[in-house]
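Here is a short briefing on one protein model. Keep the sequence and the structure open as you read.

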Amino acid sequence: MIVAFSVTPLGVGEEVGEYVADAVRVVRESGLPNRTDAMFTTVEGDWEAVMDVVKRAVAAVEERAPRVSLVLKADIRPGVSDGMTSKMETVERHLAGG
């Protein structure tokens, strides 16, 4: 399973980077494959592990923010591992004309 999610603190002003860093820290410390970009953090693993990480990431932000927004998109495909890498390799191969 691959999950792309975004946790945003609300009611803390415009500067939210330190709050988002709290969530990303939880993901990175999980040991699951992950990537973070300007909009989402993507994490890969089984249902229980991934959803636990998302829950803990939200909780980390919730500790300091009065309200939290969560956006989540999941690719649930049993039996597939290393999907984050293989999906991008396929796209890159097509971009290269192969």
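**A salt bridge in helix α2**

R56 and D52 form a salt bridge, with their closest N and O atoms 2.9 Å apart. Both residues sit in helix α2, four residues apart, so about one helical turn separates them. R56 is partly exposed, because its relative accessibility is 37%. D52 also has 37% relative accessibility, so D52 counts as partly exposed. The model is a predicted one. The points below place this pair in the rest of the protein.

**Confidence**

- The average pLDDT of the protein is 94.
- A score of at least 70 is reached by 99% of the residues.
- Helix α2 has the highest confidence, at 98.
- Confidence is lowest in helix α3, residues 83–95, where the mean is 85.

**Overall build**

- Three helices and four strands make up the protein's secondary structure.
- Their order along the sequence is β-α-β-β-α-β-α.
- The C-alpha atoms fill a box of roughly 50 × 30 × 20 Å along the principal axes.
- The protein has 98 residues, and 31% of them count as buried.
- Its accessible surface is about 6500 Å². Carbon and sulfur atoms account for 53% of that surface.
- Take the contacts between residues at least 6 apart in sequence: 71% of them join residues at least 24 apart.

**Helix α1**

- Helix α1 covers residues 17–29, which is 13 residues.
- From first C-alpha to last, α1 reaches 18 Å. That is close to the 18 Å expected at 1.5 Å a residue.
- Which residues of α1 are buried? They are Y19, D22, A23, V24, V26 and V27.
- The cover over these buried residues includes strands β1 (2–10), β2 and β3, along with helix α2 (47–62).
- G31 follows α1 and has a positive phi, near 85°.

**The salt-bridge network**

- How many salt bridges does a search of the whole structure find? The search finds five.
- E18, D22, R25 and R64 are linked in a network of salt bridges.
- Within this network, the side chains of E18 and R64 meet at 2.9 Å, N to O. This pair links distant parts of the chain. E18 is in helix α1, while R64 is in the loop between α2 and β4 (67–75), 46 residues away.
- R64 also forms a salt bridge with D22, with the closest N and O atoms 3.3 Å apart. D22 lies in helix α1 and R64 in the loop between α2 and β4, so this pair ties together parts that are 42 residues apart in sequence.
- Is D22 buried or exposed? D22 counts as buried, because its relative accessibility is 17% and the cut-off for buried is under 20%.
- R64 has a relative accessible area of 40%, so R64 is partly exposed.

**A buried valine in helix α2**

- V61 belongs to helix α2.
- V61 is buried, because its relative accessible area is 0%.
- Which residues does V61 contact, leaving aside its neighbours within four places in sequence? They are V7, P9, Y19, A23 and V68.
- Two of these partners, Y19 and A23, are among the buried residues of α1.
- L10 is 51 residues from V61 along the chain. Their C-alpha atoms are separated by 9.8 Å.

**A nonpolar surface patch**

- M39, F40 and V71 make a nonpolar patch on the surface, with an area of about 280 Å².
- Where does M39 lie? M39 is in the loop between β2 (34–36) and β3 (41–44).
- M39 is exposed, because its relative accessible area is 59% and the cut-off for exposed is over 50%.

Technical notes:
Residues are numbered from 1 along each chain as its sequence is written. This is a predicted model: local features need pLDDT of at least 70, side-chain atom pairs count only at pLDDT 80 or more; totals for chains, interfaces and linings use all residues. Side-chain values use heavy atoms; hydrogens and water are left out. Patches are made of residues with over 30% relative accessible area and no salt bridge: like charges are joined within 9 Å, nonpolar side chains (Val, Leu, Ile, Met, Phe, Trp, Tyr) within 5 Å. Accessible areas come from the Shrake-Rupley method with a 1.4 Å probe; for residues, only the protein chains shown count as cover. A salt bridge is a side-chain nitrogen of Lys or Arg within 4 Å of a carboxyl oxygen of Asp or Glu. Helices (H or I, at least four residues) and strands (E, at least two) are DSSP runs, numbered from the N terminus. Buried means under 20% relative accessible area, exposed over 50%, partly exposed in between (1.4 Å probe, protein chains only). The expected span of a helix is 1.5 Å times one less than its number of residues. Contact means heavy atoms within 4.5 Å. pLDDT is the predictor's confidence in each residue, from 0 to 100.
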